[in-house]
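Work through the exercises below with the sequence and the model side by side. Try each task before reading its solution.

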Amino acid sequence: MNMTPLVSIIMGSTSDLPVMEKACKFLNEMQIPFEVNALSAHRTPDAVESFAKGAANRGIRVIIAGAGMAAALPGVIAASTTLPVIGVPIKGMLDGLDAMLSIIQMPPGIPVATVGVNGSMNAAILAAEILALTDPQIARKMTAYKTGLGAKIEKANRELAEVKYEFKTN
């Protein structure tokens, strides 16, 4: 099966894969074609720039970029493309605060949407929601996904109602 990826997941190194695989799994479950690559803003800057400049022409619609520590990767990508870039700060030093601050403090004109530390699943959900703006099939899948989230909470509340304590009032 030959598919054109709509989302590109980029990480600074393969050591980030345990965090970024949640995004991969979500996009796979939603049947949204994606690609995954490791590119380093500091070790392979020319490759990062080339990737970012060519992404739209290859059919990419949204880029998810995970990075830790100095976390330059999402911003460097955003500087070379007009595609939406979602940054995922990866916990490393300072519990990921350093990465989060690096990603959210972008200069005017170079926005990077940012999710929580290690929040690659939320990045994938946001990417799917962006794609759903122009793709009714993805929109239906996202509506079903969000409905399912509510159903999980309703089920949890039913289960909590069955838990008995002497002084519990509900």
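**Exercise 1: The whole protein**

Task: find what share of the 170 residues in the protein is buried.

Solution. Buried residues make up 38% of the 170 residues in the protein, where buried means under 20% relative accessible area, exposed over 50%, and partly exposed in between (1.4 Å probe, protein chains only). The model is predicted, so local features need pLDDT of at least 70 and side-chain atom pairs count only at pLDDT 80 or more, while totals for chains, interfaces and linings use all residues. Residues are numbered from 1 along each chain as its sequence is written, and side-chain values use heavy atoms, with hydrogens and water left out.

Next, take the extent: the C-alpha trace spans about 65 × 40 × 30 Å along its principal axes. The accessible surface comes to about 9,900 Å², and 58% of it belongs to carbon and sulfur atoms (Shrake-Rupley method, 1.4 Å probe; for residues, only the protein chains shown count as cover).

Last, take the contacts (heavy atoms within 4.5 Å). Of those in the protein with a separation of 6 or more, 67% are between residues 24 or more positions apart.

**Exercise 2: Helices and strands in sequence**

Task: state how many helices and strands the protein has, and in which pattern they follow each other.

Solution. Start with the count: there are six helices and five strands. Both are DSSP runs numbered from the N terminus, with helices (H or I) of at least four residues and strands (E) of at least two. Then read along the sequence, which gives the pattern β-α-β-α-β-α-β-α-β-α-α.

**Exercise 3: The sheet**

Task: give the order of the strands in the sheet, then name the strands at the edges.

Solution. Step one is the order: five strands form an open sheet, β2-β1-β3-β4-β5, with parallel pairing. β2 (34–38) and β5 (113–114) stand at the edges with a single partner strand each, so one side of each has no neighbour in the sheet. Two strands pair if DSSP finds at least two bridges between them.

Step two is β1 (residues 7–11), which runs parallel to β3 (residues 62–68) and is joined to that strand by five bridges. V7 stands opposite V62, and S8 has I63 as its bridge partner. Five bridges also join β1 to β2, again in parallel; here M11 is partnered by A38.

Step three is the other side of β3, where six bridges pair β3 with β4 (residues 85–90) in the parallel sense. G68 has I90 as its bridge partner there.

**Exercise 4: Cover on two strands**

Task: decide how many residues of β1 and of β3 are buried, and which way the β1 residues point.

Solution. In β1, five of its five residues are buried. In β3, six of its seven residues are buried. In a regular strand the side chains alternate between the two faces of the sheet. In β1, V7, I9 and M11 point one way and S8 and I10 the other way, and all are buried.

**Exercise 5: Three loop residues**

Task: place P111, D95 and N118 in their loops, and class each as buried, partly exposed or exposed.

Solution. P111 is in the loop between α4 (97–104) and β5. Its relative accessibility is 63%, so P111 counts as exposed. P111 lies 25 residues from I86 in sequence, with a C-alpha to C-alpha distance of 9.1 Å.

D95 is in the loop between β4 and α4. With a relative accessible area of 55%, D95 is exposed. N118 is in the loop between β5 and α5 (120–132). With a relative accessible area of 29%, N118 is partly exposed.

Now check phi. Most residues other than glycine have a negative phi. D95, not a glycine, has a positive phi of about 55°. N118, not a glycine, has a positive phi of about 60°.

**Exercise 6: Annotated spans**

Task: state which residues the UniProt annotations "domain: PurE" and "transmembrane region" cover.

Solution. In the unreviewed UniProt entry, "domain: PurE" covers residues 5–153. UniProt positions are given in the numbering used here, feature names are shortened, and annotations may be inferred rather than shown by experiment. The span 5–153 is 47% helix and 17% strand, and its end C-alpha atoms lie 33 Å apart.

The annotation "transmembrane region", from the unreviewed entry, covers residues 62–90 and 110–133. Residues 62–90 are 24% helix and 45% strand. Residues 110–133 are 54% helix and 8% strand.
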